[in-house]
Amino acid sequence: MTQRMPGLGELAPDFTLPRAPGAQLHLGDLRGAPVVLAFYPADWSPVCSDQMALYQAAMPEFQRYRAQVVGLSVDGVWCHQAFARDRGIEFPLLADFEPKGEVARRYGSYGDDGTAARALFVLDDEGVVAWRHLSPAGVNPGADGILDALAALGERQEDLS
Amino acid sequence: MNGMTPWQEEEAGRLRQPLTDDDHVLGPPEAPATLVEYGDFQCPYCGAAHLVLKELLRRRPQTVRLVFRHFPLTNVHPNAEVAAEMSEAAAVRGTFWPMHDWLFSHQDKLDPPHLATGADRVGLPVQEVEQELNGHSYRDRVQRDFVSGIRSGVNGTPTFFLNGVRHDGGYDLVTLSSAVDAAAAAAVR
């Protein structure tokens, strides 16, 4: 199966994934505010940890734009739970675990090594892709690109109102 | 536009917040190289870099000045924020750098009781400073640095900017010295 990343201006593929043991998150339910989807290869590996810990620390900045941040990897819910506790991560980490990597594939972000690529998507209030970015696996992309995209979304909405 | 190529090269980050009077600067103002560090007092990598930076400043006293900005990752380093605020309490009393050095030399002792010892060692009025810290008088100051770092693409600590451009190489003495020399040479030319 060839994978394709959803393009700018396209509706992001909808999905429902486990966010905790016994709890699901449905992307469509987050409509009405911007959403940041952060695919990453694995819990516990050094770069990812920095990236997710950084997003937690940067949460007040994301919240200025009302943005909901969501992390996604192929790790299971119990692994996510232990990882989130260890790093003090409070935003949802979704388990793209069964069928493995299915959502990552639908976002053109599933790697040959069986993990998600380090791909970022910013969705607008309507769930449309407003910005996307793919980093090499060893590079933590930081938060500046996301915040610039969220700022641009805010300006676009001011123009419309 | 749909111009994203997978596995694109990351462009070198740029410092978005220029130096201000609020910044903590060590070294001569006319130095041709300015090294800005975004750091966290509880981060072991910053602790290692601290020793390298001291030696770098000793070897290049006319070439480089160091600027320290706060980037506490509090969810991973629970004492990083209070340590950063303590350094600001020292800064308003003119002793930022002695406090900064004490903090990096006592990274395993950054809990509030030990911090009080450090404050005393640096000559701060301990009770007064503790009151300020309990009232979070310096939280906004620390947060300003953190936000400017986030906006400049800081993705972990320490992150360095050399004359405004992110230094993505290593921060051992040899690598940093040659990077500083190159930046200084480019600035003077």
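Contacts in chain B, to start. Take those between residues at least 6 apart in sequence: 79% of them join residues at least 24 apart. Everything I say here refers to a predicted model.

Staying with chain B as a whole, the chain has seven helices and five strands. In sequence order the pattern is β-β-α-β-α-α-α-α-α-β-β-α. The radius of gyration is 17 Å, close to the 16 Å that the globule rule gives for 189 residues, so chain B is as compact as a globular protein of that length. Along the principal axes, the C-alpha trace of chain B spans about 55 × 45 × 30 Å.

On burial and surface: 52% of the 189 residues in chain B are buried. The chain exposes about 9,000 Å², and carbon and sulfur atoms supply 52% of that area. As for charge, chain B carries 17 positive and 25 negative side chains. The centres of those two sets lie 5 Å apart.

Next, one helix in chain B. Why is helix H3 of chain B, residues 96–105, described as largely enclosed by the rest of the structure? Seven of its ten residues are buried, and the cut-off for buried is under 20% relative accessible area. The buried residues in H3(B) are Phe96(B), Trp97(B), Met99(B), His100(B), Trp102(B), Leu103(B) and Phe104(B). What covers them includes two strands, E1 (24–26) and E3 (64–70) of chain B. The cover also includes helices H1 (44–59), H2 (80–91) and H4 (112–122) of chain B.

Moving along to helix H6 of chain B, residues 139–151, where Arg144(B) is found. Arg144(B) is partly exposed, at a relative accessible area of 46%. Which side chain does the side chain of Arg144(B) meet in a polar contact? That of Asp22(B), at 2.7 Å. There is also a sequence-distant pair to point out: Arg144(B) and Arg69(B) are 75 residues apart in sequence, but 9.2 Å apart in space, C-alpha to C-alpha.

Now the backbone of chain B. Most residues other than glycine have a negative phi, and most peptide bonds are trans. Three places in chain B are worth checking against that background.

The first place is His136(B), which is not a glycine but has a positive phi of about 50°. His136(B) is in the loop between helix H5 (126–134) and H6 of chain B. Its relative accessible area is 34%, which makes His136(B) partly exposed.

The second is Asn163(B), also not a glycine, with a positive phi of about 45°. Asn163(B) is placed in the loop between E4 and strand E5 (165–167) of chain B. Asn163(B) is partly exposed, with a relative accessible area of 33%.

The third is a peptide bond. Thr157(B) and Pro158(B) are joined in cis, with omega about -5°. Pro158(B) lies in the loop between H6 and strand E4 (159–162) of chain B.

Chain A has a cis peptide bond to list as well. That bond joins Glu98(A) and Pro99(A), and omega is about -10°. Pro99(A) sits in the loop between strand E5 (93–95) and helix H4 (102–106) of chain A.

Two further residues in chain A. Where is Pro21(A) found? In the loop between strand E1 (16–20) and strand E2 (23–26) of chain A. Pro21(A) is partly exposed, at 33% relative accessible area. Leaving out residues up to four places away in sequence, Pro21(A) touches Val77(A), Trp78(A) and Gln81(A). Pro21(A) and Gly76(A) are 55 residues apart in sequence and 9.2 Å apart in space, again C-alpha to C-alpha.

The other residue is Gln51(A), in helix H1 of chain A, residues 46–57. Is Gln51(A) buried or exposed? Buried, with a relative accessible area of 0%. The side chain of Gln51(A) makes a polar contact with the side chain of Arg118(A), at 2.7 Å. Again not counting residues up to four places away in sequence, Gln51(A) touches Tyr40(A), Arg118(A), Leu120(A), Asn140(A) and Pro141(A). Arg118(A) is therefore on the list of residues touched and is also the polar partner, but I draw nothing further from that.

Technical notes:
Residues numbered from 1 in each chain as written. Chains lettered and ligands numbered in written order. Predicted model: local features only at pLDDT ≥ 70, side-chain atom pairs only at ≥ 80, totals over all residues. Heavy atoms only, no water. Helix = DSSP H or I, 4+ residues; strand = E, 2+ residues; numbered from the N terminus. Rg over C-alpha atoms; globule rule 2.2 N^0.38 Å. Buried < 20%, exposed > 50% of the residue type's maximum accessible area, 1.4 Å probe, protein only. Contact = heavy atoms within 4.5 Å. Areas by Shrake-Rupley, 256 points an atom, 1.4 Å probe, with all protein chains shown as cover. Lys, Arg positive; Asp, Glu negative; His and termini not counted. Charge placed at Lys NZ, Arg CZ, Asp CG, Glu CD. Polar contact = N/O pair within 3.5 Å; in protein donor to acceptor, adjacent residues only side chain to side chain.
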